[in-house]
Amino acid sequence: MQLSEYTRLDATALAALVADGDVTADELTETARAALQSVDAEINAVVEMYDDARVPAPSETAAAFAGVPFLMKDFGAREAGRRQWMGSWAVDDVRATAESPLAQRFRESGLVTIGRSATGEFAVTATVQSRRFGPTRNPWDVSRSPGGSSGGAAAAVAAGVVPMAHATDSGGSIRIPAACCGLVGLKPTRGAIPLDPAETAPGDLHTEFVLTRSVRDSARALTAFGTRPGQRPTGRPYRIAVATRADWLPEPDPVVTAATLHAARLCEGLGHTVEEAAPRIDWPQLFEAMKDLWAGGTADLVGCWTDTAAAERPVDVEGLTWELVERARRLGADDVDAAMTRIATATATFSEFLSSYDILLTPTLPTAPPPLAEFHPDMDLGTYYAGPMGLMEPAVAVFNATGQPGLSIPAALAGGLPVGVHLAGAAHRDADLLALAAELEAEIQWPRWTPSVHAASPPQHREQHP
């Protein structure tokens, strides 16, 4: 298969070719390897390629994604027998002895995992720039961030290496990279995706899913990997609330506002009701509560690999990560209880609001993907959260707190960079978000967009960036 054809097709289309016998899984795997070889020197999206990828037998081609090349994130769900470094020098070079429930579903769906995508250290930031592996670069402009912490997955999908890749989301880590790289990024309703019970705890804001180029791939994946198969939309037309300004939304750039309002007008043209509205929450207090929970989770994870009671930061742990550990050490039981109360209050507020509206439409990010130079792994937390990287989190992270589904889709290209909008809905209304997104995809036609660095474009023909 030629790279030009491979990169044009989504996972659903590739699986159909395998099922019909028009192409073999081995051929797709080799094409994906060639695609990676074509682009990875420029984007640095993959930390390990497997030389023994398991290709499904011909008798297994009826599975949802049989034969489709896939990347696991170097964090989250684990594959038995594979390494996972989590972007950190602190992590030993060991292999997992057990398979996570989600990794099992990926395997049973017929996906062919060819390697692992890059993430920031312990997946704590909205970019991918670890000391261990260096920066992952945005295929649309290699001087800019692809978002994080699933930025390696997003960069690889956008550049045509694979049509779909594993991603995780504790504070926007699926939807931020989707917006930065012009992809579809669904954070399903909390509990809709199976996670390892040993790795979850009360107050956990974490979930996992995939990044895709097409809405139908995300919808098919939700059926294949989720805990509620057969979920259907409630039915159109939808009552949609649109907001470009709200308590939890950083002030957007004019191009972001324009893209959001354009998406709202498209919804009106499609026959939906659109009104300006947004719930009111105490965002500063809620964000501090979320930071406390993120800090606690980070400390627990780092504690598996190093002494988190140490007075001095270990040399193999990045400065920003260690600040989260230190924040967690200052927390008491009352602080955690207060954080949970604030999250419960926000959840009730959004649930009440979304009993009157089917979908809330907002910007995904306030700006274009920020320059990589705006981040350093040893910067302090205050600088991080106040800067361009930290400001990518609020518009999407709020739905990690509430547990409701959130979906970022591409809405426009501005200055050669994608701009995303975010759809949110009531719990277990994921199918409604995907249904509206499919209507907008037909109008906007973002699968036709191609970034500067792309496997189907010869390197000598690519636009050069600083």
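Begin by selecting glycine 403, the residue that follows helix α13; its phi is positive, near 80°. The model on the screen is a predicted one.

**Stop 1: helix α13**

Step back from the glycine and select residues 394-402, which form helix α13. Are the residues of this helix buried or exposed? Helix α13 is mostly covered, for nine of its nine residues are buried. Colour them one by one to follow the chain through the helix: Pro394, Ala395, Val396, Ala397, Val398, Phe399, Asn400, Ala401 and Thr402 are the buried residues.

**Stop 2: helix α9 against helix α13**

Keep α13 visible and add helix α9, residues 283-302. The axes of the two helices come within 11 Å and cross at roughly 70°. An angle from 65 to 115 degrees counts as roughly perpendicular, and therefore α9 is described as roughly perpendicular to α13. The crossing in which α9 passes α13 is left-handed.

Now display the side chains where the helices meet. Which residues make the contact? On α9 they are Trp283, Leu286, Phe287, Met290 and Trp294, while α13 supplies Pro394, Ala397, Val398, Asn400 and Ala401. Sorted by character, the residues of this contact comprise nine nonpolar, one polar and no charged.

The numbering within a helix can be read with a general rule in mind. An α-helix has 3.6 residues a turn, so residues three or four places apart point the same way.

**Stop 3: helix α2 against helix α7**

Hide the previous pair and select residues 11-20, helix α2, together with residues 215-225, helix α7. These helices pack at an angle of about 70°, and their axes are 8 Å apart. By the criterion of 65 to 115 degrees, α2 is therefore roughly perpendicular to α7.

Show the contact residues next: Ala11, Thr12 and Ala13 belong to α2, and Arg216, Asp217 and Arg220 belong to α7. How do the residues of this contact divide? Two are nonpolar, one is polar and three are charged.

**Stop 4: the whole protein**

Finally, display the entire chain. Its secondary structure comes to 14 helices and 13 strands. Along the principal axes, the C-alpha trace spans about 60 × 55 × 45 Å. The radius of gyration is 21 Å, which agrees with the value near 23 Å that a compact globule of 466 residues would have.

Colouring by burial gives another view, in which 61% of the 466 residues count as buried. Among contacts between residues at least 6 apart in sequence, 77% join residues at least 24 apart.

Notes:
Residues are numbered from 1 along each chain as its sequence is written. Side-chain values use heavy atoms; hydrogens and water are left out. Axes are lines fitted to C-alpha atoms, for helices over the stretch in contact, and angles run from 0 to 180 degrees between N-to-C directions. Helices (H or I, at least four residues) and strands (E, at least two) are DSSP runs, numbered from the N terminus. Angles under 35 degrees count as roughly parallel, over 145 as roughly antiparallel, 65 to 115 as roughly perpendicular and the rest as oblique. A crossing is left-handed if the near helix is turned anticlockwise from the far one by less than a right angle, and right-handed if clockwise. Contact means heavy atoms within 4.5 Å. Ala, Val, Leu, Ile, Met, Phe, Trp, Tyr, Cys and Pro count as nonpolar, Asp, Glu, Lys and Arg as charged, and the others, Gly among them, as polar. The radius of gyration is taken over C-alpha atoms; the globule rule is 2.2 Å times the number of residues to the power 0.38. Buried means under 20% relative accessible area, exposed over 50%, partly exposed in between (1.4 Å probe, protein chains only).
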